[in-house]
Amino acid sequence: MSNWLVTLWQRLRHVDLGERASLPEIHVPWPLDVPVHRGPVVGLERFVAQLDRLLEPSFETRLCAVVGGSGMGKTTLIAHWAAVAERPFTGRFLYLDLNATSSKEPIEGLLTEILRKAGVPPALIEAAGPAGLEKLFRNESRGRHWVLIVENAKTVEHVLKLLPGAGSVLVVTSRVPLPGLADLCSDVIELEPLVFADAKRLLAEVAGGSRVCERAEETEALVRQCAGRPLALLLVGSLLKADAGLLLHDLTGALAGRGKGSPNGVDEALGPVIDLCYGRLDANARQVFRSLGAWRLPPLPPGAVAALADLHPDAVQGAIDALRELQLIRTDRFGRVDLHHLLRSYAATLGQDREGARNRLLRWYEASAEAGGNALAADWAGEVEADKEGIHPLTFSADRPDRVLNWFEQELPTAVALLRDFGRDEPGSWRLALFFTPFLYLRKPQAECLELAQLGLGIARSARDELGEGRCLHMFAWVEHEVQQDEQAAHDLEEARLLQVKNKDYRGLAWTDFGYGQSLAEEGRFADSERAFRRALDHFRATGLPFGVAIVQATRAITLDKAGRHDAALRAGQEASYIGDELENIPLRGLVRHQLGHLRYRNRDYRGAVDEFDSALPFRRRSGERWGVAETRYRQGQAFAALGDHRNAAAALTESLEIFEDLHDHRRAGWVRMALAWLELAPRPPGDL
């Protein structure tokens with residue numbers, strides 16, 4: 001992003017255009033990343049009101065600590081509060097779990113993650129540099145009523161560096177003592193073992209009231225064996241619920257027989273309980289549980305769990321159901337599987353081929369991403385294929401591109417985590433980054449695109465894999481083009497071309513020439529751009545990839561028009577439209593019609609432009625391309641304004657602004673805000689930005 005756009009974005013946040021301006025106030029719903037708690041909440045209710053007080057308006061930075069040992073209900077309390085809290089004055093909820101980090105991990109990475117979640121433009125984060133991230137975070141959060149939840153904090157130093165600006169709140173959980181933390185807090189919530197009445201109520205809610213209430217002495221003995229720990233009580237209650245013939249007396253005897261402690265490194269209150277639960281599992285469920293010990297965050301969908309455990313997908317769902325019945329796993333609203341950190345620690349000691357499990361998991365994601373990309377654009381990657389031996393990847397329908405894109409978006413954090421944590425050990429894992437390219441092209445999540453491309457490129461270079469380096473360098477340059485760094489993008493694309501020519505990667509070379517043509521066009525080098533587009537077209541025509549022809553022609557049409565070749569531009573656009581209709585490719589048809597609308601707008605056929613944009617919108621909405629819908633509505637708003645139809649122009653631009661703001665694309669949101677301001681202040685056709 002250029003410096004003037006960064007400055008513009010900063011100013012537009014505080015712009016005041018006077019009473020005549022009617023820029024809409026956008027209230028963006030923020031997706032909570034807090035884990036979903038599905039079980040009972042007992043003994044924690046009184047703390048919700050204490051947390052609610054943090055949501056009242058304030059001009060101060062408030063810090064609340066929730067402390068207690070493992071399995072005491074810290075995450076349960078936070079998840080329950082986030083689900084039920086009324087927040088009339090609250091801005092964004094941001095969630096960060098430090099469980100997988102160490103106390104020595106640089107805070108810069110954590111701050112960068114928070115700023116990305118908050119939607120701060122990547123250019124501002126980069127401009128701040130490591131030394132300026134704390135200041136940037138405090139400035140961005142000042143007066144915004146953000147609530148930052150940081151779980152499993154390791155040091156007070158981490159807490160201090162994560163303090164937001166005045167008017168926002170930091171809620172910290174920790175299972176280890178942090179000397180001096182209480183002195184910094186406006187509130188401290190200390191979770192202790194449940195008193196007998198609450199422990200009995202928790203058991204009753206899970207196992208059934210009659211079984212618990214009729215055996216008071218045995219219930220009291222069971223609570224003592226669980227040391228009042230909510231997690232232990234939840235597991236014990238699940239055992240009782242799962243086996244109607246299991247007597248309290250038998251259960252207390254079995255726990256006593258396990259003795260103190262556990263050979264699996266879990267403390268004495270929890271170890272014997274988990275031992276009993278694990279002992280009740282069948283072979284498949286045990287295999288799944290053990291394999292999950294080899295995996296850290298984020299949660300995994302059932303198909304990925306099957307690959308991790310080396311099971312057929314048909315067998316894994318029964319295992320997941322059995323584990324969930326005993327509360328040994330938890331699932332989110334998408335059905336993805338996760339473990340409590342204590343249960344993961346236990347599972348990790350049971351013996352598992354970690355390298356094999358992670359290799360299968362990585363290949364499952366590669367093959368599923370490949371299948372998703374091919375559903376959007378068949379055979380787009382050419383000869384680069386995933387290794388599918390012994391795994392069962394997902395399948396997708398080309399008729400539901402929205403489901404394909406939603407899967408990519410849902411699993412993008414996992415793909416990044418896989419490459420970041422394990423990619424260097426798997427030299428061919430750059431393919432995972434590559435197979436996300438169609439999704440990145442359609443949804444354009446720039447920060448995640450950049451990280452994925454960087455990881456893929458680094459893995460390929462470390463492995464000295466020139467095929468992978470060329471493909472990932474093209475992907476990296478595409479991100480540079482999206483943030484208007486076209487000079488650097490052109491340089492990287494030239495390097496990618498050399499690698500692809502050397503390795504005879506002609507499909508990769510064609511896509512690189514396509515990207516090269518785009519970057520050259522942005523620099524005004526139309527003749528060079530045309531040569532690059534022509535090379536790409538020659539390959540796609542020769543190899544029978546009409547999708548590639550249509551993509552190039554739809555983009556080339558605008559470049560030809562800018563170069564003054566209006567008839568050639570129209571022919572290119574018409575060919576792209578014909579191919580899109582022939583292929584019945586939904587995203588392609590939306591893109592082509594949008595480009596035709598843009599072409600008509602450039603040639604002052606504003607009514608024709610409005611109609612083309614109208615025909616593009618159903619395809620883009622059906623694909624779930626929110627960024628594409630915002631782009632089309634922005635251009636359509638300009639066309640309406642040129643026709644003097646300010647009501648429809650304002651409606652189109654307002655919808656575009658809402659989407660760009662929701663997607664945290666502040667560069668394009670700035671463009672739309674300026675168009676709205678021009679529409680209000682000077683009723684004349686806005687310029688073609």
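**Exercise 1. Find out why Cys 226 is in no disulfide with its closest cysteine.**

Step 1. Start with the criterion: a disulfide here is a pair of cysteine sulfur atoms within 2.5 Å. In chemical terms, that's a covalent bond between the sulfur atoms of two cysteines.

Step 2. Check the distance. The closest cysteine sulfur to that of Cys 226 sits in Cys 277, 9.8 Å away, so a bond is ruled out. Looking from the other end, Cys 277 has the sulfur of Cys 226 as its nearest one, and Cys 277 is in no disulfide either.

Step 3. Look at the surroundings. Cys 226 is buried, at 0% relative accessible area, and Cys 277 is buried at 0% too. Buried means under 20% relative accessible area, exposed means over 50%, and partly exposed is in between (1.4 Å probe, protein chains only).

Step 4. Widen the search: the whole structure turns up zero disulfides.

Before going on, a word on the model: it's a predicted one, where local features need pLDDT of at least 70, side-chain atom pairs count only at pLDDT 80 or more, and totals for chains, interfaces and linings use all residues. Residues are numbered from 1 along each chain as its sequence is written, and side-chain values use heavy atoms, with hydrogens and water left out.

**Exercise 2. Work out how H26 spans its length and what covers its buried residues.**

Step 1. Get the span. H26 covers residues 526-542, 17 of them (helices are DSSP runs of H or I with at least four residues, strands runs of E with at least two, numbered from the N terminus). From first C-alpha to last, H26 reaches 24 Å, close to the 24 Å expected at 1.5 Å a residue. That expected value is 1.5 Å times one less than the number of residues.

Step 2. List the buried residues: Ser 529, Glu 530, Ala 532, Phe 533, Ala 536, Leu 537, His 539 and Phe 540. For the spacing, recall that an α-helix has 3.6 residues a turn, so residues three or four places apart point the same way.

Step 3. Find the cover. It includes helix H25 (506-522) and helix H27 (546-562).

Step 4. See what comes after. H26 is followed by Gly 544, which has a positive phi near 70°.

**Exercise 3. Place Val 176 in the fold and say how exposed it is.**

Step 1. Locate Val 176: it's in the loop between strand E4 (169-174) and helix H7 (181-184).

Step 2. Classify it. Val 176 counts as partly exposed, with 40% relative accessibility.

Step 3. Compare sequence with space. Val 176 and Gly 68 are 108 residues apart in sequence, yet their C-alphas are 7.5 Å apart.

How values were computed:
Contact = heavy atoms within 4.5 Å.
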